[in-house]
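Work through these exercises with the model open beside you. Try each task before reading its solution.

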Amino acid sequence: MNKKVLKTLEYNKIIERLAEHATSDPGRRLCRELVPMDRLADIESAQQETADALTRLFKKGSISFGSTRELGMSLKSLEIGSTLSIPELLHIASLLENTSRVKNYGRKDREDIPDDSLTPLFAALEPLTQLSHEICRCILSEEEISDDASPGLKHVRRSMAVTTERIRSQLNSMVNGNLHSCLQEALITTRNGRYCLPVKAEYRSQVPGMIHDQSSTGSTIFIEPAAVVNLNNQMRELELKEKEEIEKVLASLSALASEHTVEIAENQHVMTRLDFIFAKASLALEQNATKPVFNEEHSINIRGARHPLLDKKKTVPIDIRLGRDYDLLIITGPNTGGKTVSLKTTGLFCLMGQAGLHIPAQDRSELSIFREVYADIGDEQSIEQSLSTFSSHMTSIVSILKEADADSLCLFDELGAGTDPTEGAALAIAILNHLHDRGIRTMATTHYSELKVYALSTSFVENACCEFDVQSLRPTYRLLIGIPGKSNAFAISRRLGLPEEIIDAAGAQISAEDKSFEDLLTDLEQSRVTIEKEQQEIAAYRQEIETLKKRLEQKQERIDQSRDKILREANEKAREILQEAKDTADETIRIFQKAGPGASMKELEKQREKVRGKISEKNSKLSVKAEKPAASGLKPSQIRLGESVRIVSMGLKGTVSSLPDHKGNLFVQCGIIRTQTNINDLVLVQEKDSYSPGGAKRTGSGKIRMSKSLSVSPEINLLGKTVDEALTELDKYLDDAYLAHLTTVRVVHGKGTGALRNAVQSHLRKVKYVKSYRLGEYGEGDAGVTIVEFKS
């Protein structure tokens, strides 16, 4: 694809937006290298990858590939047996950790889900967990190697600690002893890696030892006392041994990594590729774009197209068709009406689609494969080359005619403009005929009436116009195919206040044939608007009728269901009543038959009272069933956080710790117990607030905890603070957040040199109630943020 059209159609701006969605430098490099393809299989494969990544974004959310770096030089060093530096090993560990996270992201939720085009890429990732864990165990940061990295290093550092303590003990005895008056300050310092004392210049002879430095004024001499020279020498020897041990550790880790150079290189390649694919999907999600359908018939049918560089909330969607019923599309209409945008949208969509990017249009929009797209858009006149507007356009057109073929798409803005209208229109018609004869799909914009007539009278050419509202002097930006447009020069001039006599005089200059043609266009436009309004009204009426019909059917269905339910329940109830009446009558008859003629009236009366009691019991049960339980008077709007309530079913008092959901369920804090209940089981409790002598308001423990949880932010910002200040503030914040029952918090420390981040993470390792912590992902702040999760 020629580079000129990529710039003319602003494809490069789309690529820059695409690069912004990549999260790693190698991924951004791939984005910037993306160019349109011309093989259908490659295009379909790239489009399917974008579609599958978009599906995963919808299901699982975004994923970051930010730890992916170029490791080419490091891998070459490993192949020749070199030892990697601490940062290089950390980069490998970071890549492997990110690889593990991305591989987990790519796992299927269920086995019955079919594989997609990205499944082989996720399957190719090898996290090498053992290698990454070993590197992270030995290397704590770019400035620190763990004591446990090797037994030798641990032994050396223990010896260093003992020697340092002996030196300090010896020097402290001097500082606090007979040398106290000789010192400028009562402290121990270091010069050139050796422990010294700051001695006043006039007492230098009284402190035997080696002079290492002096202050800028010469008043202070930094002397290494003779008593600690041997200890300092031992310390220097231990420092050299420490360096040797660190080199051994790095060599061991490098040897371990060299066994997996192929897997590491493949991980980097796949991670970069996935970052690039998910950047395309993220751009499609931002643009609300869809996957186009491709054909090789040079046919375009774009539905609801929106130019991706315009505000999608304000852009008017347009439909564009070309290549099926006609080869040439001529767009007319007033200036600023959207003609050029229609051209650019068509060309840009072809470039985006052939690059594997989704297009911001409705689903099932069709594009064709063009080996080249040519565009003559904009005024490229040049004073240095003595080119006028017409000359510059014609130079570009001549170049296009030489290079274009049947697999090309040509776009011309204001074809034939910049010269005599009659000659320009004749040239434009001849150029369009020439392009048609060569089977080249073409779109052109114009103001010439001759081209409108040419489109109306030629079978392979179709008119289109950008709609314009004369009353408001505003374009509607709708593209109407099949209708020639008007320039509306007279109407616009009249609305802007040009005197009527000038407009009449201008009208007199137009021939009767041209005037008749313009009147015909006006009548056609009015008829179109009228028909369109009527069609909209009919569609609205049809929609309203369908809605009412659906509502009526649903209502009738509910009535039928309710009637059947009522009849069924009534029949069942009647059957129960009849059965009970029959049982009662049978029992009564049996009692009288059993009594016989000699029965006592007292006994019969007793049995009759017993039967009457059973009947009364049945009646009372029926009346209880008919009663409806009293509904709670509380509404969700009456419930506030921290409100005192009583749980009726449990007889407990507590405070509201969450607002009711759509089912009315909420949490109530009752002392140290947090229980879930329903709003219908609650009663508001009015409590008088008590105050302490100091005037501070005191409430129950439940309210204290709730007010704490409401006041503690889920984020702490440590930017601009020293390490000591930050750790002090962080320690207090973590206590408050944990007591407030926050599950996770966000610690903002920035990227910078990494010193504050390392100090924060080192502190978090020591906090007992911290379950885990990790660096933020893309969208959370990346390496400038640490996400902390508390133990439950």
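Helices and strands here are DSSP runs, numbered from the N terminus: helices have at least four residues, strands at least two. N288 falls outside such runs, in the loop between α11 (261-287) and β7 (293-295). The model is predicted.

**Exercise 1. Positive phi in loops**

Task: Find where N288 and R364 lie, and classify each as buried or exposed.

Solution.
- Step 1. Start with N288. Its place is the loop that joins α11 to β7.
- Step 2. Read its backbone. Phi of N288 is near 55 degrees, which is positive although the residue is not glycine.
- Step 3. Check the surface. The relative accessible area of N288 is 53%. The cut-off for exposed is over 50%, so N288 is exposed.
- Step 4. Turn to R364. This residue sits in the loop between α12 and β11 (366-368).
- Step 5. Its phi is positive too, at about 65 degrees, and R364 is not a glycine.
- Step 6. The relative accessibility of R364 is 56%, so R364 counts as exposed.

**Exercise 2. An aromatic cluster**

Task: State how many aromatic pairs a search of the whole structure finds, then describe the pair of Y105 and F122.

Solution.
- Step 1. The search yields seven aromatic pairs.
- Step 2. Y105 and F122 form one that is tilted. The ring centres are 6.5 Å apart, with 45 degrees between the planes.
- Step 3. Place the partners. Y105 belongs to helix α6 (residues 86-106) and F122 to helix α7 (residues 119-123). They are 17 residues apart, and the pair links distant parts of the chain.
- Step 4. Test burial, for which the cut-off is under 20%. Y105 has 9% relative accessibility, so it counts as buried. F122 has a relative accessible area of 4%, so F122 is buried as well.
- Step 5. Widen the view. Ring pairs join F65, Y105, F122 and F278 into a cluster.
- Step 6. Look for charges over rings. K60 lies over the face of Y105, 5.7 Å from the ring centre. Elsewhere, R191 lies over the face of F222, at 3.9 Å from the ring centre.

**Exercise 3. A listed binding site**

Task: Which residues does UniProt list for "binding site", and is K339 buried or exposed?

Solution.
- Step 1. Take the list from the record. The unreviewed UniProt entry gives G333, P334, N335, T336, G337, G338, K339 and T340.
- Step 2. Locate K339. It is in helix α12 (residues 339-354).
- Step 3. Classify it. The relative accessible area of K339 is 4%, so the residue is buried.

**Exercise 4. Two partly exposed residues**

Task: For A406 and I429, give the location, the exposure and the contacts beyond four places in sequence.

Solution.
- Step 1. A406 is in the loop between α13 (389-403) and β13 (408-412).
- Step 2. Its relative accessible area is 33%, so A406 is partly exposed.
- Step 3. Beyond four places in sequence, A406 is in contact with H298, R438, G439 and I440.
- Step 4. Compare sequence with space. A406 and H436 are 30 residues apart in sequence, and their C-alpha atoms are 9.4 Å apart.
- Step 5. Move to I429, in helix α14 (residues 421-437). At 21% relative accessible area, I429 is partly exposed.
- Step 6. Setting aside residues up to four places away, I429 touches E450, L451 and Y454.
- Step 7. I429 and L415 are 14 residues apart along the chain, with 9.2 Å between their C-alpha atoms.

**Exercise 5. The whole chain and its confidence**

Task: Summarise the protein chain, then say where the pLDDT is below 50 over residues with five contacts beyond near neighbours.

Solution.
- Step 1. Count the elements. The chain has 22 helices and 27 strands.
- Step 2. Assess burial. Of the 792 residues, 39% are buried.
- Step 3. Take the surface. The chain exposes about 44900 Å², and carbon and sulfur atoms supply 52% of that area.
- Step 4. Sort the contacts with a separation of 6 or more. Residues 24 or more positions apart account for 67% of them.
- Step 5. Check confidence. The average pLDDT is 82, and 83% of the residues score at least 70.
- Step 6. Find the stretch. The pLDDT is below 50 over residues 381-386, which have five contacts beyond near neighbours in sequence.
- Step 7. Add another stretch. Over residues 623-631 pLDDT stays under 50, and the model has one contact there beyond four places in sequence.

Key:
Residues are numbered from 1 along each chain as its sequence is written. This is a predicted model: local features need pLDDT of at least 70, side-chain atom pairs count only at pLDDT 80 or more; totals for chains, interfaces and linings use all residues. Side-chain values use heavy atoms; hydrogens and water are left out. Buried means under 20% relative accessible area, exposed over 50%, partly exposed in between (1.4 Å probe, protein chains only). Contact means heavy atoms within 4.5 Å. UniProt positions are given in the numbering used here, feature names are shortened, and annotations may be inferred rather than shown by experiment. Accessible areas come from the Shrake-Rupley method with a 1.4 Å probe; for residues, only the protein chains shown count as cover. Rings of Phe, Tyr and Trp (its six-membered ring) pair if their centres lie within 6.5 Å; planes under 30 degrees apart count as stacked, over 60 as edge-to-face and the rest as tilted. A charge sits over a ring if NZ of Lys or CZ of Arg is within 6 Å of the ring centre and within 35 degrees of the ring normal. pLDDT is the predictor's confidence in each residue, from 0 to 100.
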